[in-house]
Amino acid sequence: MTILIQPVLAANAAVYAIDNATIEGKVTVAALFLLSMFSWSIIITKFRQLMIARRAARRFLAAYGATRDPLDIQRKGENFAGAPAYELYIRGADELAYQLKNNPVIVKGERRISKASFDAVRVVLEEAAGNQAMVLEKGMIVLSTAVAGGPFIGLLGTVWGVMSTFAGIAESKAATLTAMAPGVAAALVATVTGLLVAIPAMFAYNFMVTTIRHITQELDGYAARYANQIEHAYVDNRDIEDKITWALTKTEMGENTPAI
């Protein structure tokens with residue numbers, strides 16, 4: 001019976017406190033309610049986005065790991081929407097295809113790109129990685145604001161309400177518990193509301209920050225691997241290869257070899 005009565009008493013206490021709140025207190029609670037709505041919309045949206053990103057990233061990385069040519073996935077027309085690594089892959093593949101078409105270097109009958117063109121591809125990859133990190137972090141400022149600002153906004157409402165209560169008691173010259181209780185209860189509801197806003201936002205923020213960090217680290221690792229595979233498969237490295245061959249020949253002949 002006690003378990004059933006306590007929630008009812010708590011609900012009645014909240015209604016009683018709000019009914020007796022001052023205009024300032026009600027404005028504070030309304031502001032916290034709006035912040036809570038924004039916070040929960042971000043929590044639901046980001047949670048769904050991150051879950052989709054993790055699942056799609058696993059599928060994409062598995063498919064990419066099964067290929068030999070960095071452009072195989074694009075040529076096959078496979079789609080892994082929602083995976084940050086896939087968005088980076090598409091940007092890089094499009095830039096590589098552009099360079100192969102417009103600035104090709106023919107090596108043994110095959111199209112390749114120069115070092116300068118490869119630098120352009122790397123810039124696109126770095127830009128794409130940064131953009132995907134920003135997409136993942138979008139909206140997190142709302143959660144951090146709810147975590148940091150919710151309790152303080154609630155405390156402001158409480159202090160303001162208590163101040164108004166004591167001012168009213170001083171004017172009426174009736175310092176009784178009956179006179180103080182409604183004002184104090186109404187003031188405390190702001191702090192309670194602030195904590196109800198901040199606590200869920202705190203847990204969600206910590207979980208999402210950890211998940212975003214994991215995805216961005218995975219994305220950076222993939223970008224380095226992708227650039228390395230593009231360099232091996234499509235970049236004209238004849239100058240370096242010629243220098244290495246020349247150095248090995250000199251070494252075999254017993255001559256002094258200058259640094260490459």
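**Questions on a predicted model**

The protein in this predicted model has 8 helices and 2 strands.

Me: In what order do the elements of the protein run from the N terminus on?
Reply: The protein has 8 helices and 2 strands to be placed in order. Read from the N terminus on, the elements run α-α-α-α-β-β-α-α-α-α.

Me: In which sense do strand S1 and strand S2 pair, and over how many bridges?
Reply: S1 covers residues 104-107 and S2 covers residues 110-113. The two strands form a hairpin with 2 residues between them, and Lys108 in the turn has a positive phi of about 55°. Among the bridge partners, Pro104 is matched with Ile113 and Ile106 with Arg111. The pairing of S1 and S2 is antiparallel, over 4 bridges.

Me: Which side chains of S1 point to one face and are buried?
Reply: In a regular strand the side chains alternate between the two faces of the sheet. S1 shows this alternation, with Pro104 and Ile106 pointing to one face and not buried. The side chains that point to the other face and are buried belong to Val105 and Val107.

Me: How far apart are the end C-alpha atoms of helix H5?
Reply: Helix H5 takes in residues 115-137, which makes 23 residues. At 1.5 Å a residue, a helix with that number of residues should span 33 Å. The model agrees with this expectation, because the end C-alpha atoms of H5 are 33 Å apart.

Me: Which residue follows H5 and has a positive phi?
Reply: Within H5 the buried residues include Phe118, Val121, Leu125 and Leu136. After the helix comes a residue whose phi is positive, near 90°, and this residue is Gly139.

Me: What distance does H4 reach from its first C-alpha to its last?
Reply: H4 spans 84-102 and has 19 residues. Among its buried residues are Tyr86, Leu88, Tyr89 and Leu96. At 1.5 Å a residue the expected value is 27 Å, and the reach in the model is close to it, at 27 Å.

Me: What is the volume of the largest cavity?
Reply: Rolling a probe the size of a water molecule over the atoms shows where empty space is left. The structure holds 1 cavity of 30 Å³ or more. The volume of the largest cavity is about 40 Å³.

Me: Which helix supplies the largest share of the lining of the largest cavity?
Reply: The lining consists of Ala57, Pro84, Ala85, Ile215, Glu218 and Leu219. These residues divide into 5 nonpolar, no polar and 1 charged. Helix H4 and helix H7 (177-234) each supply at least two residues of the lining. The largest share, 3 residues, comes from H7.

Me: Why does Ala186 count as buried?
Reply: Ala186 is found in helix H7. Buried means under 20% relative accessible area. Ala186 therefore counts as buried, its relative accessibility being 6%.

Me: What distance separates the C-alpha atoms of Ala186 and Val162?
Reply: Along the chain, Ala186 and Val162 are 24 residues apart. In the model, their C-alpha atoms are separated by 8.6 Å.

Me: Among contacts between residues at least 6 apart in sequence, what percentage join residues at least 24 apart?
Reply: The protein has 260 residues, of which 35% count as buried. Among its contacts between residues at least 6 apart in sequence, the share that join residues at least 24 apart is 76%.

Notes:
Residues numbered from 1 in each chain as written. Predicted model: local features only at pLDDT ≥ 70, side-chain atom pairs only at ≥ 80, totals over all residues. Heavy atoms only, no water. Expected span 1.5 Å × (residues − 1). Buried < 20%, exposed > 50% of the residue type's maximum accessible area, 1.4 Å probe, protein only. 1 Å grid on protein atoms, 1.4 Å probe; cavity = no way out; pocket = protein on both sides within 12 Å on 5 of 7 lines; lining within 4 Å. Points joined across faces, edges and corners; volume = space filled by probe spheres on them. Nonpolar A, V, L, I, M, F, W, Y, C, P; charged D, E, K, R; others polar. Pairing = 2+ DSSP bridges. Contact = heavy atoms within 4.5 Å.
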